[in-house]
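Notebook open. Today I wanted to look up a bent helix, a helix pair and a chain contact.

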There are 4 protein chains.
Amino acid sequence: MTAKLKTAVLGATGYSGLELARLLGRHSRTDAPLLLRRSAETDESAVSFFSGNGNGHSPLQPFSWFALEQRGVELLFLATPHAVSRELVPEAMARGLRIVDLSGAWRLKQEQHRAVYGFKDSNAQTAAELTERAVYGLPELKPNADRIPSATLVANPGCYATSIILALAPMLAADIVDCDRGIISDSKSGVSGAGKEPTARTHFVSVADNFSAYSVFGHRHTGEILEQLALNNSQFIFTPHLLPIPRGILSTIYVYLNREMTADEIQGCFQDFYQGKRWVRIFPASTLPEIQFSVHTNYCDLGFCLARDGRRLVVVSCLDNLLKGAAGQAVQNMNLMYGWDEAEGLQ
Amino acid sequence: MTAKLKTAVLGATGYSGLELARLLGRHSRTDAPLLLRRSAETDESAVSFFSGNGNGHSPLQPFSWFALEQRGVELLFLATPHAVSRELVPEAMARGLRIVDLSGAWRLKQEQHRAVYGFKDSNAQTAAELTERAVYGLPELKPNADRIPSATLVANPGCYATSIILALAPMLAADIVDCDRGIISDSKSGVSGAGKEPTARTHFVSVADNFSAYSVFGHRHTGEILEQLALNNSQFIFTPHLLPIPRGILSTIYVYLNREMTADEIQGCFQDFYQGKRWVRIFPASTLPEIQFSVHTNYCDLGFCLARDGRRLVVVSCLDNLLKGAAGQAVQNMNLMYGWDEAEGLQ
Amino acid sequence: MTAKLKTAVLGATGYSGLELARLLGRHSRTDAPLLLRRSAETDESAVSFFSGNGNGHSPLQPFSWFALEQRGVELLFLATPHAVSRELVPEAMARGLRIVDLSGAWRLKQEQHRAVYGFKDSNAQTAAELTERAVYGLPELKPNADRIPSATLVANPGCYATSIILALAPMLAADIVDCDRGIISDSKSGVSGAGKEPTARTHFVSVADNFSAYSVFGHRHTGEILEQLALNNSQFIFTPHLLPIPRGILSTIYVYLNREMTADEIQGCFQDFYQGKRWVRIFPASTLPEIQFSVHTNYCDLGFCLARDGRRLVVVSCLDNLLKGAAGQAVQNMNLMYGWDEAEGLQ
Amino acid sequence: MTAKLKTAVLGATGYSGLELARLLGRHSRTDAPLLLRRSAETDESAVSFFSGNGNGHSPLQPFSWFALEQRGVELLFLATPHAVSRELVPEAMARGLRIVDLSGAWRLKQEQHRAVYGFKDSNAQTAAELTERAVYGLPELKPNADRIPSATLVANPGCYATSIILALAPMLAADIVDCDRGIISDSKSGVSGAGKEPTARTHFVSVADNFSAYSVFGHRHTGEILEQLALNNSQFIFTPHLLPIPRGILSTIYVYLNREMTADEIQGCFQDFYQGKRWVRIFPASTLPEIQFSVHTNYCDLGFCLARDGRRLVVVSCLDNLLKGAAGQAVQNMNLMYGWDEAEGLQ
């Protein structure tokens, strides 16, 4: 039996970090991950002991390069704010670690989109080099799939971005969309997508029995969607909304086709594109996915309805924002980086 | 002191009917309404006694024309399925009653839209005449406002339709929309909108922690929206969704403008149109309504965000589907039919 | 027409304070209340403008004695933390104001129960005098009902305490309970009872799909329950739980009777005790109240099931923690203090 | 490699049956289960295909003895109404099948408790014999643990019963409870416990924002609790409540001790009793389990608070009603019946 991979998770107190720790804890190819916290985070291991995993975690240790070395960590997962990732990755790379970063720090190639993050890099040239080397970790898209196995820095996609890109990529690749008429994604996410920090907005009484739009024309995931799909800003509108549920994303996506098509042709377009892809499920025409179907799985579910004129299309895309939208996709990327089965530890 | 209006509610066991009974019970200008049930309905008065009103209802009586006469009812509210309304209204009109019908039976003038209801009228000519006489009960729109005071048959609008028409009417009236590029309403409703009948779809376990689209390209409210806004079918997409909350609707509406505009101009367009309208609230630019703000009120709240290009607009419209979307609007229509203050009994 | 009462609410940003502002805003006997905030509170008036009241509040003003004087305030409502009430009340009384305090500052006569609050009074003697003068504002109990009309300082009861005391008082007054065998209240509250401050515990993801007990053998409301019911600590167990709903309390109360009784006798016991009481509803035997029945009303609903042995009794008590459990009861107390109808402004 | 066990699930359309099918589908020792439906059930396989399992089920087949034979089924799980189980089990036993029955049909030895089910047996003597042979499938209790490995008919316990019996058994075995003073279990369950059939009571709008008690002094699980714990009816009160969440049970249990004890002694009592038991977790003193901790696991979590007098105890017990309360425990029983690790397929 070969030795197991040694991994670490920095930021294992947030929702994505906890989910990732849980997934790695039962992955057959990895040792129990080293769970690290930044000094700003409290050790919530006492709480997490009883939160459903049954084995308990090893207590969270304060982050240090020494702790990583001592454990012999080869792969570092960052479930940290993007500014922290931006700061730590250069040294981590210099130390020979491979990295899967769940933040938005390294997802964007184009300066125009990166601006919203306001990065403050201590070494601009290194940052530029790493930006180039970073691979966008959406393995269902061809260029990424080719680069992930040998990547040292994988920028794990945003949860909304995953749901939207996977819905649009097949149609854009097949060149059947009238992009200039405008593509719209009306997306809705459960509250875990807003993070674990208690705020007036995440208070139970603010969320329950409520529903609201936010960050209209200004959400950070817009940049990665435009880049991955080679769209320009005027071709795409993205409106996120907050759902009164703990987890799950549903994106309702509106597309005008550039020619009249049949439902079978649309169906074929999706099926061909995702042929052999383990974590995308295509629904029969006019059968739409719901959030419950994919929550607690690593699937992205795709369904559509075509108007009778054969020109107007509504695509519905669902996934679990903490799995295919974060930690599950991070494990999927790890599997590809180490040549394992893409589904390992995700079933 | 003048005598109070005598009203009756048929179908006072559904959500809209119950809400209407509650509103009429405390309206200063009406007597306690006569609550009627069709034979198919059970008498739920024992339950409703304790459901929050504090006074108890008089028990529901089985419907009969005699019961209406005996009580001297002048105004009949129908909270019945559309087929029942379609059947009862001709006789009710012949008997000299005024009617506010909460169903979809008399909302549509154009046969093409009416087809989805599959009406089976015993007397086609009478049905055609009544269709002409029926007034669409959305009092914030000019032609309706003029006709409601003298109307004998008011077709109370659908809940989704109210939220969407009120959001679009000012911009269409001002001719600032590029209709041919396509208007989209991505709407979300609480579960009371799906009715009180227990089904697999309204079971708590199906709805909680879930979210789903339904009736894409096929919802019955589409017709009244198109008619009221004078749009054709290819200019408008309407996608309803089911929210895991008891009540409230939020519509996110996407509009392309036919010229570059400023937020102030948009704001002015809405404010001018709804000048003096008691039950529409316009939010400041970039401040969006949430479902919690209008639930348990008769308001329709409108807000918007304009893209930096001044051409793309997201409008958010919120209301309580049982109040401004049903029973509240029915009372508002009654107020106008009898020359009372539009807000009477709704504050 | 007589002049309206001038009132002020300090702490009108919390859930109880907002509800109180709303109730006073539509009370026919009071002017629009002066809404005050402590320096620690932000002015949330912009938010509250659109939160469902339709009139908007006058903006919250910073608290000062001068502001109260200038407005001619006669009655001051305190919706403040108990330490703040403890500090402000002596001066308010000295200035001739009447006070309804929604905090726990003045509810307890016995030092043993007061200890859990850890009051730090600047003038112990004044504090002791005010403690004596304070009237416990549960108007359905005889001694309080007699004293409230002339009270200058009304200590508005706790939400849990109201639900439990109202359920037990009739049986204890009738001396039918075997107190030494032990009385148990297993109580469940919606999240607004935990306050508006965002914490890990009130985060949507912590509360939704969850349920938990807290403060077992240690909740602060225990003292007022014991005092009002003249029970000692060993006779009563109170276990609060957090429900995943915004508002409402249900207490399931277990009582052993000291003799065999019939359901009719129990029913009679409750009905006699609450004869003429406007805000308590007694349910028929074996018909139990549910939280939905009393939410958004000022009612306390009481129902019970008697075991076939006629000795063991389960009483269920429901109310809205923000109304009969806080702001509604405060208005009820005001009504009594000024000789108005007990139901004024609460229907 | 040895051949895998051939199993069947009858009633795989209900919540417990679906969960069981899911668990068996990924169990390493069993073949994919034969999924059967009674004629009254519709084939929901189309729906279940997309409900989160990712593999799809084989379609549900109509039940017949022939279908079981043809597949060579050795172990039959019944997720059927108790009347169906009562009818089918005699023939199933005669045909040499082993059975795990999730209904209440065979849980009770004593006629007095069985009466509430109103069984109508076609052969009273066979029914009596099978009642004797049936083993109550709560493997954490000694007598059951000894008999399950060789049992042919395992009566899988009720969900509430599991949560309550596991909480009380250690203290009763240690004889530290004053039973005559009365034991109370105030239990709360998520809606999946009420079954999948759509009713007025399970409608989303009835459950959401609500909470209610039901079946007070009359719930069917009372009998099995009394039998397993050797209590008589006057010593125990059980009040079930309906929580607005999909799944999970929390029981708050009140016990008076027959002598003064320390928290350490109580803790020891639980730990000794459950020494080596894989699916019961004992929390540290004064740390209480919450529903979220055990949902989606097979654990029963136990915690307690002891009053300062050392005589009054509140025990909190949590589990997932569909796992440890139904399908998970059924798999646990299967594991023991076939000599496998108790945790197989449950992690």
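I started with helix H13 (residues 323-337) of chain D, which spans only 18 Å between its end C-alpha atoms, where a straight helix of 15 residues would span 21 Å at 1.5 Å a residue. That expected span is 1.5 Å times one less than the number of residues; helices are DSSP runs of H or I, at least four residues, and strands are E runs of at least two, numbered from the N terminus.

This is a predicted model, so I kept in mind that local features need pLDDT of at least 70, side-chain atom pairs count only at pLDDT 80 or more, and totals for chains, interfaces and linings use all residues. Residues are numbered from 1 along each chain as its sequence is written, with chains lettered from A and ligands numbered from 1 in the order in which they are written.

Next I checked for a bend: H13(D) turns by about 50° at Gln329(D) (the angle between axes fitted to the seven residues ending there and the seven starting there). Just after H13(D), I found Gly339(D) with a positive phi of about 75°.

Then the pair: the axes of H8 (residues 159-173) and H11 (residues 263-273), both of chain D, come within 9 Å and cross at roughly 105°. I noted them as roughly perpendicular (65 to 115 degrees), with axes fitted to C-alpha atoms over the stretch in contact and angles running from 0 to 180 degrees between N-to-C directions. Ala169(D), Pro170(D), Met171(D) and Ala173(D) of H8(D) meet Cys269(D), Phe270(D) and Phe273(D) of H11(D), contact being C-beta atoms, placed from the backbone, within 7 Å.

Last, I looked up chains A and B: 34 residues from each take part in the contact. E11(B) gives the most to chain B's side, with 4 residues.

Notes: Angles under 35 degrees count as roughly parallel, over 145 as roughly antiparallel, 65 to 115 as roughly perpendicular and the rest as oblique. Two residues are in contact if their C-beta atoms, placed from the backbone, lie within 7 Å.
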